Structure formats: structure tokens, C-alpha cells
Amino acid sequence: MEIPDFLLKRKILRNHPLLRDISDTAALDFLAKLSPECFASVAYSRRGACPYLQPRGGFSLWEKQRDLTVALAAAGADFIPLTIDSHTRHNDYDRAARLLHKSEETGENLLNGYPLLAHGAISTRKLFEGLNKPVSLRHGTPDARILVEAALDAGITEIEGGGICYCLPYSRAYPIDRAILNWQYVDRLCAEMSSVERPIHRESFGALTATMVPPFMVVVIQVLELLLAVQQGVKSFAVSFSQTGSMTQDLATALALRRVAEKELARVGVSDVVTRLVFHQWMGAFPHDRVKAEALIAQGAVIAAICNADKVVIKTRNEAIGVPDPQSNADAVVMTRYAMQLCSGHQLLGDDVVEEMNAIAFAASYVIEAVCNLDRTPLWDCIARAVRGGHIDIPFAPHRENANRLWALRDSYRSIRVANAGSVPLPQSFLRRERDKLGSRAGDASLNRMLNDILIMVRDNGR
Amino acid sequence: MSRQFRLLIGVIGNDIHIVANIILARGLRQSGYAVCNIGVNSTPLDFVAASAEFEADVVIVSSINGEAEGWVSNLRLAFNAAGQNKILLYIGGNLAVGNQPKKLVEQRYIEFGFDRAYHQPPNFDVLFDDLATDLQG
């Protein structure tokens, strides 16, 4: 294990003013009393034919968050989200607390999420009383150690994030090596708070910037974060990805994620880890027209059902307009579930999907091998070096250590193709195939073309 | 040919909207300009300091989240105070909150001392045309 002095580190961390009033064993004690249905890992093992549904949502005020939570549960959400505000995500707990107090005075919502540390773990537990559903922590935090300590104290059993996926797309300057090490702590903490029957579930965020990220890069990052988590003892982990605009590529990505994850776990000799698959409905710029927004959501539902995702994280028709109200969230739950039920049992995996899956899995495995190939270097350091060298490169990430040299365009079937590999070590055969798929589009470097590719759901109605 | 024209670009304020910024940087480079991109979350001081160091001919400020006004109303004065009196200042993006007439919004920024202002431009063409015109002489 790479944190030999984990218990010592934890002891020091628990001395933080926001944690020290709660016993170090609060999480273990509370989790032991929680019913099995509240554990994401247990819920996943009991899933029927339809993927689980999880809406999004976070408000600054406790009462509003409780109302939202109850409304989402009543609407049929299988997983309850707790989305954290951006100040807490950037460890600015004081500012989050000040803005919470101001919100409480004025009744306004001055934060873009729930400030978990300002409310504290004990009152956060009460948000979920009587619901008997697993809660998922959604944030975007490069250093989530204190936040996750409090989340586990509050009985939250699913922790989203990772050292790569919550650093490069979410931060401009947080050092990538420190982010990965912080997330090693989180992974280890989740492992320590797990029991064999009821592990704490970890989930990575494969949507990344949701802007022209080639699927192979999603697979690379998801599987590397799975391997990092497994090193720290995590037993239940979900890889994820988001709707790209190309159905073929989405179905192929799902298969490739499962295949490469399985292969890499076997390579490192691990057989006691359960891997789940999570699908995010379209995360890019949404149509303003509500009817089109609903059609896009329905397409996402169909894809989630056909690729047999374990969970789908949903959007609402109000996505382009602003924060969704409870009714639009409830409608999105009903619409997505209905569309998924209509698809259940169908696979629709044609030759094009299989060929695409082979290409994605081949490229991802090739890059993972190149990243992990440094002798006698721990995995976290290999990954940090790979980011700095541009071997791992997320298009449109705001982070200064991200190379931003990998560049993709859409082919005439809307699939995302590598136009310029930058420094990513990709096999020539893969790059040739990508160029062939782009055809005459490969040479079009115009700004309007790039914008059309990104704004595909807004500008051209999906073409 | 004399030296390439140098353009400094960035997104001002607590604004992490990066997509258009990266596209713009690529497009300007492809058009033959030397581009220094200071990226998102940049302060007025970042623009002034980077412009001096880069010896920029034009500074192109972007703002997407609608908060630009509070950040840039004194930007021309800051450049003058730093001895960069001749710099061309452009600003574009989503320059006001809510529905306001494009002409009025752009005029407000011209009064702040910007040479060009683009509120919700439909594409980048107008920027490229104006750059070509302004840098001709």
C-alpha cells in the first residue's frame, strides 16, 4: 500500500476544526446502523433489468435541500444526489459558511450547491432520514479529504471523483500529483470504512470536460482511476462516460470500458472488485427548445438501456435555461425510466459497434500500457508524469498542466475522431482509421467547424 | 515581413468558461498571429502584466458569465498607468446579464475605452475582420 502511515495521516486530518467535534469512529458507527438499502454497493447488486436513475441537485439552504431530496425520492429516483457548492469544492470552507449564513438571513440561494462542511455531518444525516436510498456525493474537488470524511460521517455511501477527473477538468492550477495523492487518501478512507458485505462505493467521472473528448481517452482515465482505487483497497467502483452525440460510439465505449477494466484488473491480479458502469446523459450545450431537450434526454435513456448501464445520471429539459425545478426533475425521471423500459432486453450491437469497440479498447490499452511502463515508479507518479508529458490529455480542460494538444473533430456520423494526437502515444493503425473516418473533414480547421462540432445539439439539431 | 503581430487573450474575472477561449487561440494562431493565452480566471492585473511582458499589440478580453463590467471599467486606465498607451483593447463574449440591446451594451464598453466590443457575436468572423483592418496601418 502506498500510504503506510494512513492512520496517522487520518488522525492529523481529523484534528481540523470542522471535523474534531465528531468522533473518529462516527462514520463506522453510523454506517453500521444504516440499512443495507442505503449502500450504493448493495443496491447495485440488487438491480433489475432497468438501469438505476439519479437526478442532480444541490441548494445552499438545508430546508430547500431536504425538500429537493424528498421530491426526488418521491419522483422515483433510485439514487439521491448531494451536489456540493464550488467554494467547498475549492476548500474555501469559510466563504461557504459566510454565504450560507447570508442565504439563511435573506432566504436567497447564494451558493451553487450544498455546503456540507458548513452544515456539518450531523444535520446532513437528517436530510436523508426515512428515505432508505443510497446517497451519492457529487462535487469536483481536487482535495476532497475533509469533505469525504464529513460525507462518510453523514452516512453517504457513494463518493464520486478521482485524482485526474476531478482535477484537470475542474481546476486551473491545483497540482496534478497532489490531487492524485489526495484521492489515494479518499480511496483508502472509503476502503477503511467498508465491510465485506457493505463496501463504500467509489465512482469516477468519465464525462470530463464533455467537450470533444475522444472515447479512448475516457477509457484510459476511467481505468487508471479504477486501478488507483483498487491499490488502496476499494472493492466497489463505477467507471462512467457521457453521451457523445454518436450512438455507435456510445455503445462501443460502454463495451470498451467494461472490457479494458476487466483486462486491467486481471493484469494486476485482482478478482474481488466489482466494477459498475454509469452513463451520463448529454453533458454539453443543451438545446434551448424544451421539446428538443426532451428528445435528447430520451435518446440518452435509450443508449443507457441498450448498453445495460448500472445507473444513468439524468438531465432535465431546463438544462439550457438554468437550475431545474423539482417538477422538471421528476418528469425527467419518469421519461428516462419509461424510455429505458421500452428498450429492455434489446442489445442492438451491430458490426459497426463491435468494430468501434475494438478500436477504442485497443487504443486505450495501448496508452495505459505506455503510462504504466515506467520501471519501479508507483502508479500515481506514472500518471502525474503522463499528464505533464501530454500522454494523458483532456481536450478543453482549463488546467495549466494539461497539454491541450490532443484535438478531435466529428466525422459525418457525429463520432468524435482524433485529428491531432498531440503527445498521446497512439498506435499508427488507430490514427489511420480515425483519419479515414474523418475523410475530407480531416482538413477542415475552420473555427465555425469546431464550434459546430461542439454545439452540435444547439446549432444543427444534431444534424 | 516584419514581426508577427502579437495578441494577448484571456477570460477575465471568476469565469472558467474555457471552450471559446481555446478555440479562439487556435484560430488566431492559424491566421498567423503570435498568441499568448493567459486562460480563464484572469484578473485585470494579469492582463496588464502579461501584455507588457509579451509586448502585445492587441489585448482581447473575453467574458462569458456576464460579469465583465465590474472588472474592466478601469482597464484602459490601468494600461495607461503601466505606460501601454498605444495598446489596442478588444472585448467580447456575453457582456451583460439579461436581455439588453446589443448596440447599447457595446457602446458602454467603447466608453470604457475599448477599441472594439462584441456582445454575443454570432461567430468569430467579425473579430478577424476587425483585427485585419486595425493592424493594417
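**Exercise 1. The hairpin of E9(A) and E10(A)**

Find which residue in the hairpin of E9(A) and E10(A) takes a positive phi, and work out how the two strands pair.

*Solution.* Keep in mind that this is a predicted model.

- Step 1: Start with the connection, where five residues lie between the strands; A:Arg414 has a positive phi there, near 75 degrees.
- Step 2: Move to the pairing. Strand E9 (residues 407-410) of chain A runs antiparallel to E10(A), and four bridges join them.
- Step 3: Pick out one pair facing each other: A:Arg410 is opposite A:Ile416 in E10(A).
- Step 4: Check the surroundings of strand E10 (residues 416-420) of chain A. With buried taken as 20 or more other C-beta atoms within 10 Å, four of its five residues qualify, and the strand is mostly covered.

**Exercise 2. Two helices that cross**

Describe how H11(A) and H12(A) cross, then sort their contact by residue class.

*Solution.* Let's take the geometry before the chemistry.

- Step 1: Helix H11 (residues 215-231) and helix H12 (residues 247-267), both of chain A, have axes that come within 9 Å and cross at roughly 30 degrees.
- Step 2: The hand of this crossing is right-handed.
- Step 3: Locate the touching residues. H11(A) contributes, among them, A:Val219, A:Val223 and A:Leu226, while those from H12(A) include A:Ala256, A:Leu257 and A:Val260.
- Step 4: Sort the contact of H11(A) with H12(A) by class: twelve residues are nonpolar, three polar and one charged.

**Exercise 3. Where the chains meet**

How many residues does each of chains A and B bring to their contact?

*Solution.*

- Step 1: Chain A supplies eleven residues and chain B twelve.
- Step 2: On the chain B side, seven are nonpolar, five are polar and none is charged.

Conventions: Residues are numbered from 1 along each chain as its sequence is written. Chains are lettered from A and ligands numbered from 1 in the order in which they are written. This is a predicted model: local features need pLDDT of at least 70, side-chain atom pairs count only at pLDDT 80 or more; totals for chains, interfaces and linings use all residues. A residue is buried if 20 or more other C-beta atoms lie within 10 Å of its own, exposed if 12 or fewer, and partly exposed in between; C-beta atoms are placed from the backbone. Two strands pair if DSSP finds at least two bridges between them. Axes are lines fitted to C-alpha atoms, for helices over the stretch in contact, and angles run from 0 to 180 degrees between N-to-C directions. A crossing is left-handed if the near helix is turned anticlockwise from the far one by less than a right angle, and right-handed if clockwise. Two residues are in contact if their C-beta atoms, placed from the backbone, lie within 7 Å. Ala, Val, Leu, Ile, Met, Phe, Trp, Tyr, Cys and Pro count as nonpolar, Asp, Glu, Lys and Arg as charged, and the others, Gly among them, as polar.
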